Amino acid sequence: MSPKGKPIKVLLSRSELDCHQRGLITIAAALRDAGMEVVYTRFLLPEEVVKTAVEEDVDVIGLSFLAWSHLGIVSEIMDGLKARKMNNVLVIVGGIMRDDHIPKMLEMGVARVFGAGTNTADVVEYLRKQKG
Amino acid sequence: MFSKELMKEVKELDQKWLEEYKKYYDGKEFKKTTYSGIPVKTVYTPEDIAHLNYKDMAMPGIYPYFRGVYPLTYQAQPWVNQQATAFGLPEQTKERYSKLSQEGLAGYEGREPVFFMGSDMSHTLGYDSDNPIAKGWVGMTGAAIDTIQDYEMLFDGVALDKRNITLGMFDTCHIALANLIVAAERQGISPDKLHGLTLNMFYRQMYMEIPTFSPRGALRINRDFIKYCSEHVPHFNTVNWATYDVTECGGNAIQEIAFIFAAIIAITDECIKIGLNPDKYLSRFAFHVAAHIDFFEVVAKMRAMRRMWAKLTKERYGCTNPRASKININIKTAGVSYTRQQPLNNLIRGTIETMAAIMGGVTSLWTTAYDEALAIPTEQSAILGLRTQQILLYESGVASVSDPLAGSYYVEWLTDKIEDEATKLLKRIEEMGGWMKCMEAGWFKKEVNREAIAWRRGVDSGERVMVGMNKFTKEQEPVPVFEYPDVEKISIERLKKFKAQRDTKKTMASIAALKKACVDVNEDRAVGLVMPALIECVRANATLQEMMDVLKEVFGWGLID
């Protein structure tokens, strides 16, 4: 449960251009099993993620990247969230990415980067700690 | 298959074994399954294959070809090294590939090495470099290729009549082939001299969440494409049956075969409707299969696929041309079996999987670079993928004998089991209305996703062991990275200049003609028009997106949920 007394609401999203859905599909199943509410979308432009996050009033945004497009897209999403004053939304990122890109994303305001091979239980536990 | 006397001896020995087993292990059961969840016994005997006829097992090069499509497997002609490496600008892709070729890349008999190129994700979905949707994707995990000018740079100095070209472009493959034809034409080479294949995977939304042509539109454009190619580009494979991707998305070996066979039946039936001869066009189909970490399952799967293919072509479609019943298998070692943790372990996984592919009778082989789970492969890791194959070929002896595991009670049983289960699942799909119905209902995707989730649970709980990831773990070490800077910027500038220099009126006229051709084909008024219209567009300097937008509009495009 989130402080609002409702289940933690998570927007899971990935680019329509990226054919790798497996990570996000399995994360979605794990979060639902843990009682969280999951909104699952795909986007063409980063601003679509911000728009959905606002409309759905989510607690968390989880983004997945497996084809190296993450830096630019994450940066635009973080800027969009700031512009919409969505400072309370926790943004997490997962997928295949270079080690040296992780600190860059953290600097942009991403709360945590989960690499390939992460146990989904770790993601559940982390979100409960942060938003439960 | 065995005499009564022999079976009696088998039973006696079986009994003796059972007594010994009970003595040693106190009757405790040890249950194992294959990677795909097929339960296996602890030991196999002639009893497990007694129901098979020796005739069905045949010999390499003899129908039903499951022991191999040629009388010899590698002794006369080793498998082809089909390592893909494409990213950055066209000339960068070419340079990386030339370097890899110099490391001893083996091509098809008497031909230069295969040039396996592909576009980045935004381009494979038909977005030019300057589209805002493509921002951040240009030149990542594939080359940035917008125009005929880019293709000419890519093929500059490449003898297009001597090299097989693999066009890794998915739904933009028709446009890619049109570009290749025009590039060849400018080298003085006619389309009938071109050899290669398209990664045409029009069906891939079965298991993958990626926009594609609508199922109906995909059948229409591709039957048109197949007709054109069988008449004008006869040495080019028209559709690539990527069971590989079913596995990568989570599917098991049974689903991998049954799902793809359902799609094969759909397009084959569609081609028959327009009067094409299966004997001809089925010979230009090939499989792209995953070698996963379960060694015996991979070998058995490859053998089962060849047998199912041979039966399908002969029994269902009445093919009499042996070439149509012989299917070549391209293998890529499974990316999904690799781990980000302790990446050098992936070299071991790649070796096991490569060996399975070889013993299964592979035609062309791509050993995945060990760092694929981390990043775009470095030059060094790409070469190691090739070296894995070379060591197995020249040093290990695994390639000396054709179908070396034939006759193994376990391998023969598993081959038969996989074929049997896949045939049953295929029948179920047909009873549900076939490929198109199941596709539109999103049934395939649901099935694959369920398997993916079950796999994840198994890995998370530790029940499914992945060494270095959920067992024997240690601190992560950084790995070297590979990148080309400024690709997006340069690509956009080039595109802008290209558009400024062309005769726009002529380009737009070619696009209008393309639209008319596509509408006629889609509405069943004509066949064989799309490719000639695309070739005219390329000659008139149309860009990828300008052409693809027309195809999307006419044949339908999007995600099925």
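In the predicted model, the buried residues of helix α3 of chain B pack against three elements of that chain, namely β4 (112-118), α5 (148-154) and α14 (379-396). The buried positions of α3(B) are Pro90(B), Thr93(B), Lys94(B), Arg96(B), Tyr97(B) and Leu100(B). Viewed down the axis of α3(B), these residues fall within an arc of 165°, so they line one face of the helix. An α-helix has 3.6 residues a turn, so residues three or four places apart point the same way. Helix α3(B) comprises 12 residues, 90-101, which at 1.5 Å a residue should span 16 Å; the C-alpha atoms at its ends are 16 Å apart, in agreement with that expectation.

Chain B also contains an open sheet of 5 strands, paired in parallel and ordered β3-β12-β11-β10-β9. Strands β3 (80-81) and β9 (239-242) of chain B form the edges, each pairing on one side only. Strand β9(B) is joined by 4 bridges to β10(B), residues 285-291, and the two strands run parallel. Within this pair, Val239(B) stands opposite Phe285(B) of β10(B). Helix α11 of chain B, residues 295-316, packs on the sheet, where β10(B) and β11(B) (328-333) are touched by the helix. The direction of α11(B) makes about 165° with that of β10(B).

A further buried position is found in helix α7 of chain B (residues 215-232), which contains Ile221(B). With 20 or more other C-beta atoms within 10 Å as the criterion for burial, Ile221(B) is classed as buried because 24 such atoms lie within that distance. Leaving aside residues up to four places away in sequence, Ile221(B) touches His174(B), Phe213(B), Val530(B), Leu551(B) and Phe555(B). One of these contacts, Phe555(B), is separated from Ile221(B) by 334 residues in sequence, yet the C-alpha atoms of the two residues are 7.3 Å apart in space.

Between the chains, 32 residues of chain B are in contact with 26 residues of chain A. On the side of chain B that touches chain A, two or more residues are given by each of α4 (121-124) and α17 (443-461) of chain B. Helix α17(B) provides the largest share of that side, with 5 residues. By residue class, the side of chain B that touches chain A divides into 20 nonpolar, 7 polar and 5 charged residues.

Conventions
Residues are numbered from 1 along each chain as its sequence is written. Chains are lettered from A and ligands numbered from 1 in the order in which they are written. This is a predicted model: local features need pLDDT of at least 70, side-chain atom pairs count only at pLDDT 80 or more; totals for chains, interfaces and linings use all residues. Two residues are in contact if their C-beta atoms, placed from the backbone, lie within 7 Å. Ala, Val, Leu, Ile, Met, Phe, Trp, Tyr, Cys and Pro count as nonpolar, Asp, Glu, Lys and Arg as charged, and the others, Gly among them, as polar. Two strands pair if DSSP finds at least two bridges between them. Axes are lines fitted to C-alpha atoms, for helices over the stretch in contact, and angles run from 0 to 180 degrees between N-to-C directions. The expected span of a helix is 1.5 Å times one less than its number of residues. A residue is buried if 20 or more other C-beta atoms lie within 10 Å of its own, exposed if 12 or fewer, and partly exposed in between; C-beta atoms are placed from the backbone. The arc is that of the directions from the helix axis to the C-beta atoms.
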